[in-house]
Amino acid sequence: MKFLSNALSAVSGRFTTAEKSKQPPGIICIDLGTANALVHANGEFGCILVEDLVQKETRSVSHIRTIVARKGRAEEMDDFQRRIDKERGRADMRTPDEDLDLDIEAVGQDAFEMWGRAPRLIFDRAVKRGNIANIRAYRAVMRYLIAMVHPEFKWCFPESSPKPKIFIGVPDSADKYHLSAVRGVIERNLKADAITVIEQIASVVGAKLKGGGTIPYLQPASVAIADLGGGTLDFAVLNHCQVVDRVSYETAGDEMDLAIIDCLRKGPHFIDIGFRTAIEIKEALGSAIPREEDDEKPYEVYGAKFQQEQPGSTTVTPKVIRECLMPVLQVIVNDFRRYLQRLKNHGEVHADIMQNGFYITGGASLLYGFDQYLAREMGLPIKPVENAMTSVIDGLVIMSENHKLLELGLAK
């Protein structure tokens, strides 16, 4: 329960008296991705405003990292689970999550800051490649998100109150087992109603273009969107509010982090860094094209020196990091080309995309100059979405209020 207390303390003092009502929000929208999770709550009292833990700005959408830190070693936890099962006489059944989740130390930004710095803790990603990687971490992140927007939330919603509806995005690649796990967490553990929505469609509906306007998905001409997240690159094509085609590829933001780690392990740097540092380097220095002013500006990176077998540092520049990212960026470009090749059997659709290009969204698409690099390599118009980090959850909010759009995007 400690991590729930941290969630409440993070938003304490930011709610009005009316917002502290014990009545749970009627509708909760959640986008739980590989790298980040966002939640939006809307009840009878309206939107709940909380502070964005990463961007440090007041919004109606709360945003956290999807990292969970827990105590003990994996082997010890397995023994603990088997012992509890044996004592309760049901060794063939899963241990209740009330027992399993007691060892969780931190969730979200707190866990992210400890990642690689606390050797006695185990760090789990809730989602990898768009699918649930660790069910306990997934439950913990879900509870943490809900506690942020509903201060009275403890472990699950009380059965005495009306069940809230939780709209949650899932990738198109999700199979029946993934969907069953998502619904199980929401319905069995949180005591709420689960509505699963395909993320690609929610992203199209919620996207906002620079200069105003939205993606014209209601028009007869086909529109294509590419969502470059932490774990997957998701494509979708819509025509007159109908989904023509959608697919996911497994090269995205995580591969960029690995590329930075591998690059710095080689000469002339010979330094070992963790995922947390790699993510911070990517966000601060990463680029797809040369930066105008500070491309050669040196930055100090700290880690473990291989040759010295002790802590050390090395100097990198945005140019060096860009060279590290280039192999991954080229794979992403090839995925775009592969998707265009896939659409060649749809003559008119292919023609629309060749003329109108792609809309790009997702956190990894915010890499400096990525849209310009992609347009140059593809020879197509590339239109970045203004709300790249929140397009999915913005779409979920819109679809939760529009049943016709919701029918189009339901994951069944």
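**Exercise 1. The cavity**

Find how many cavities of 30 Å³ or more the whole structure holds, and describe the lining of the largest.

*Solution.*
Step 1. Fix the term. On a 1 Å grid over the protein atoms alone, a cavity is a set of points where a 1.4 Å probe fits but cannot get out; lining residues have an atom within 4 Å of a point. Points are joined across faces, edges and corners, and a volume is the space filled by probe spheres set on them.
Step 2. Count. The search of the whole structure gives 1 cavity of 30 Å³ or more. The largest cavity holds about 40 Å³ of space.
Step 3. List the lining. Among the residues there are Leu 32, Val 127, Tyr 138, His 178 and Glu 199. Two elements, β12 (165–170) and α6 (176–189), each give two or more residues to this lining.
Step 4. Sort by class. The lining has 6 nonpolar, 3 polar and 1 charged residues. Here Ala, Val, Leu, Ile, Met, Phe, Trp, Tyr, Cys and Pro count as nonpolar, Asp, Glu, Lys and Arg as charged, and the others, Gly among them, as polar.

A note on the model: it is predicted, so local features need pLDDT of at least 70 and side-chain atom pairs pLDDT 80 or more, while totals for chains, interfaces and linings use all residues. Residues are numbered from 1 along each chain as its sequence is written, and side-chain values use heavy atoms, without hydrogens and water.

**Exercise 2. Helix α7**

Decide whether helix α7 (residues 199–206) is enclosed or open.

*Solution.*
Step 1. Fix the terms. Buried means under 20% relative accessible area, exposed over 50%, and partly exposed in between (1.4 Å probe, protein chains only). Helices (H or I, at least four residues) and strands (E, at least two) are DSSP runs, numbered from the N terminus.
Step 2. Count. In α7, 8 of the 8 residues are buried, so the helix is largely enclosed by the rest of the structure.
Step 3. Name some. The buried residues include Glu 199, Ile 201 and Val 205. Glu 199 also lines the largest cavity.

**Exercise 3. Asp 272**

Place Asp 272 in its strand and find its partners.

*Solution.*
Step 1. Locate. Asp 272 lies in strand β17 (residues 271–272).
Step 2. Check exposure. Asp 272 counts as partly exposed because its relative accessible area is 27%.
Step 3. Find contacts (heavy atoms within 4.5 Å). Beyond neighbours within four places in sequence, Asp 272 touches Arg 265, Gly 303, Ala 304 and Phe 306.
Step 4. Look closer. The C-alpha atoms of Asp 272 and Gly 303 are 5.5 Å apart, though 31 residues separate them along the chain. The side chains of Asp 272 and Arg 265 share a polar contact of 3.0 Å. Such a contact is a pair of N or O atoms within 3.5 Å; within protein, one must be able to donate a hydrogen and the other to accept it, and residues adjacent in sequence count only if both atoms are side-chain atoms.

**Exercise 4. Backbone exceptions**

Find the cis bond and the positive phi in the loop between α8 and β17.

*Solution.*
Step 1. Recall the rule. Most residues other than glycine have a negative phi, and most peptide bonds are trans.
Step 2. Check the bond. From Gly 267 to Pro 268 the peptide bond is cis, with omega near 5 degrees. Pro 268 sits in the loop between α8 (253–265) and β17.
Step 3. Check phi. Phe 270 has a positive phi, near 50 degrees. Phe 270 is placed in the loop between α8 and β17.
Step 4. Check exposure. Phe 270 counts as partly exposed because its relative accessibility is 32%.

Notes. On a 1 Å grid over the protein atoms alone, a cavity is a set of points where a 1.4 Å probe fits but cannot get out, and a pocket is an open set with protein on both sides within 12 Å along at least five of seven lines; lining residues have an atom within 4 Å of a point.
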